[in-house]
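Here are some short exercises to work through with the sequence and the coordinates side by side. Try each task yourself before reading its solution.

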Amino acid sequence: MNTSQAILRDLRDDRDFAAAPLPDLHMSSVIVGGGPAGMSPLIAASQGGFLEPLLGGGLSVIERGAAIGAGEIGRYVITSDSSAATIVDCVNASSAPWLMALRDHPATRAVAAHGEGAVPLPLVGSFLDVLGGALQEVIAQAPDCAVLTRHEALRTQQLADGRWRTELRGPDGSTRGVVARVVVLATGGHQPEDHLRRQEAAGVRLVAALGDKLIPSGEAMTKAGLHDIGRRLAALGGGEVAIVGSSSSTIATALVILRLGATVRRVTVLHRRKLRVFYPSAEAALADGYDEFGPDDICPKSGFVFRFAGFRLDSRALVMAARGIAGRRPPPRLHLHHLAPGPDPVGRAILESADLVVTAPGYRPRALDVFDRHGHPIALFADGAGTRPLVDGACRVLDAHGEAIPGLLGLGLAAGFTSGPEIGGEPSFSGQTNGLWQWHNTIGAIIAARMREAVGV
Ligand SMILES: Cc1cc2nc3c(=O)[nH]c(=O)nc-3n(C[C@H](O)[C@H](O)[C@H](O)COP(=O)(O)OP(=O)(O)OC[C@H]3O[C@@H](n4cnc5c(N)ncnc54)[C@H](O)[C@@H]3O)c2cc1C
């Protein structure tokens with residue numbers, strides 16, 4: 001047993017090292033964050049048939065939680081915007097034995113039962129936890145690899161030879177380093193306070209103007225947050241909710257709030273972007289009388305209309321009804337208001353008169369503190385103003401000048417990955433590509449290929 005293997009054995013056993021600092025571990029790759037995105041390169045490598053050689057180079061997954069798997073997604077009480085079939089596709093369409101073995105698992109079946117429809121996200125979370133448990137076992141069996149749960153990555157610094165030393169804090173508070181050629185940041189996204197404070201709608205600074213009637217969507221979509229909305233409206237004897245945002249989760253939030261019942265008198269969605277609808281083909285869209293698209297709104301690879309910008313599943317049904325597309329009848333308590341770019345007196349009046357306002361400002365990447373070989377901080381492109389991405393189209397983390405930082409990769413919620421021609425999508429789409437299927441396949445494969453290069457297999 002070599003030094004790294006002995007250290008790994010002790011780390012897996014969670015032994016107390018507070019009094020005895022450990023020597024660094026040496027790996028080929030490190031993945032920081034064991035949520036859905038962090039697992040994805042390894043799932044993509046399994047689909048490509050090269051997980052085993054990739055693990056042969058030594059790999060560790062660093063996760064501050066107790067297990068790898070669902071990350072944050074299972075906390076949200078809304079339904080998925082991707083179909084059940086695409087979520088379990090990584091298991092059902094795989095020929096990797098460890099994935100195939102999950103086909104009959106109750107958690108897989110519970111998701112698969114929704115077929116081409118939407119799935120409650122807590123069920124997706126349970127499935128991803130099962131996937132994480134199975135992946136953890138595969139990694140644990142590889143000699144030089146480890147899943148280090150209850151370990152938080154604190155920073156990563158480049159060494160003189162170009163490798164990266166990532167510093168971790170273990171469950172007992174002690175710190176230790178992992179040195180690797182490739183570090184993958186899969187640390188997810190959040191809705192930071194300063195990001196929230198900058199939010200404006202209808203010419204109104206939301207935090208300053210609305211005080212405690214403002215609720216961030218990340219809170220509103222949880223079980224506790226939704227319960228609180230119901231409780232506050234009931235205490236008023238019923239009331240009105242305004243929701244600011246244009247994303248799929250905004251519409252999904254409107255749906256779960258409407259389902260709270262009669263205490264919700266009215267929900268108004270104030271949206272900046274036009275609410276687009278996904279169609280599997282231009283013909284299907286035109287047959288419904290939906291013609292607000294041009295050639296640039298059609299994905300050249302799939303022929304889908306608004307493949308990435310369009311609402312899908314439950315949110316699509318609600319938007320189609322609210323907009324009266326294909327002769328659907330608008331739901332009585334739901335209203336839409338398209339926000340004007342600057343001051344918007346009607347929008348302002350809606351915000352002022354609402355009893356509660358949910359704002360969906362989107363997510364910013366959590367990332368990690370990064371230092372150069374002299375110990376100086378490297379500012380990241382994503383740290384700058386606005387909503388700049390963490391990564392480029394090859395999943396490379398960008399510095400403040402927009403240059404790729406060698407050996408640092410990233411993916412996941414809020415990473416800002418925009419797809420190139422190999423992934424497809426409508427040319428008019430300028431947003432980021434986020435989603436489990438893409439991570440398990442195309443985007444995860446980009447990272448897996450770089451990790452494979454680092455191993456040299
Ligand atoms: C409301 C909502 C609905 C969504 N619905 C769908 C959907 O229907 N279909 C779909 O495909 N996608 C969906 N997504 C997108 C995406 O699948 C989820 O956001 C997913 O949870 C993101 O995974 P992640 O791994 O990037 O981040 P997270 O789920 O946040 O996981 C990050 C992990 O990294 C760990 N971590 C963070 N920092 C550190 C550190 N320094 N050290 C150690 N560990 C760390 C965290 O503990 C966590 O486990 C949705 C997203 C949102 C917000």
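The exercises below go from the overall fold to one helix and its surroundings, and the model they use is predicted.

**Exercise 1. Describe the overall build of the protein, and decide how its radius of gyration compares with the globule rule.**

Solution. Start with the secondary structure: the protein has 17 helices and 20 strands. Next, take the radius of gyration, which is 23 Å, close to the 23 Å that the globule rule gives for 457 residues, so the protein is as compact as a globular protein of that length. Along the principal axes, the C-alpha atoms fill a box of roughly 70 × 45 × 45 Å. Then look inside: 47% of the 457 residues count as buried. Finally, consider contacts between residues at least 6 apart in sequence; 73% of these join residues at least 24 apart.

**Exercise 2. Find the domains and characterise the contact between them.**

Solution. First, read the domain assignment: domain 1 covers 3-191 + 364-455, and domain 2 covers 193-275 + 311-359. Second, place them in space, where their C-alpha centres lie 32 Å apart. Third, count the residues that meet: eleven from domain 1 are in contact with 17 from domain 2. On the domain 1 side, these divide into four nonpolar, four polar and three charged residues.

**Exercise 3. Work out which residues of helix H15 are buried, and what they pack against.**

Solution. Helix H15 spans residues 313-323, and its buried residues are Leu313, Asp314, Ser315, Arg316, Leu318, Val319 and Ala322. Their packing partners are helix H13 (248-258) and strand S15 (334-338). Just after H15 comes Gly324, with a positive phi of about 65°.

**Exercise 4. Is Ala317 buried or partly exposed?**

Solution. Locate the residue first: Ala317 sits in helix H15. Now count its neighbours. Burial needs 20 or more other C-beta atoms within 10 Å. Ala317 has 17 C-beta neighbours inside 10 Å, so it counts as partly exposed.

**Exercise 5. Describe how H13 and H15 pack together.**

Solution. Two packed helices are described by the angle between their axes and the distance between the axes. Here the axes of H13 and H15 come within 9 Å and cross at roughly 75°. That angle makes H13 roughly perpendicular to H15. To see who meets whom, select Ser248, Ile251, Ala252, Ala254 and Leu255 in H13; they meet Asp314, Ser315, Leu318 and Val319 in H15. Sorted by class, this contact has six nonpolar, two polar and one charged residues.

Technical notes
Residues numbered from 1 in each chain as written. Predicted model: local features only at pLDDT ≥ 70, side-chain atom pairs only at ≥ 80, totals over all residues. Domains from an automatic or database assignment. Contact = placed C-beta atoms within 7 Å. Nonpolar A, V, L, I, M, F, W, Y, C, P; charged D, E, K, R; others polar. Buried ≥ 20, exposed ≤ 12 C-beta atoms within 10 Å, placed from the backbone. Helix = DSSP H or I, 4+ residues; strand = E, 2+ residues; numbered from the N terminus. Axes fitted to C-alpha atoms, helices over the stretch in contact; angles between N-to-C directions. Parallel < 35°, antiparallel > 145°, perpendicular 65-115°, else oblique. Rg over C-alpha atoms; globule rule 2.2 N^0.38 Å.
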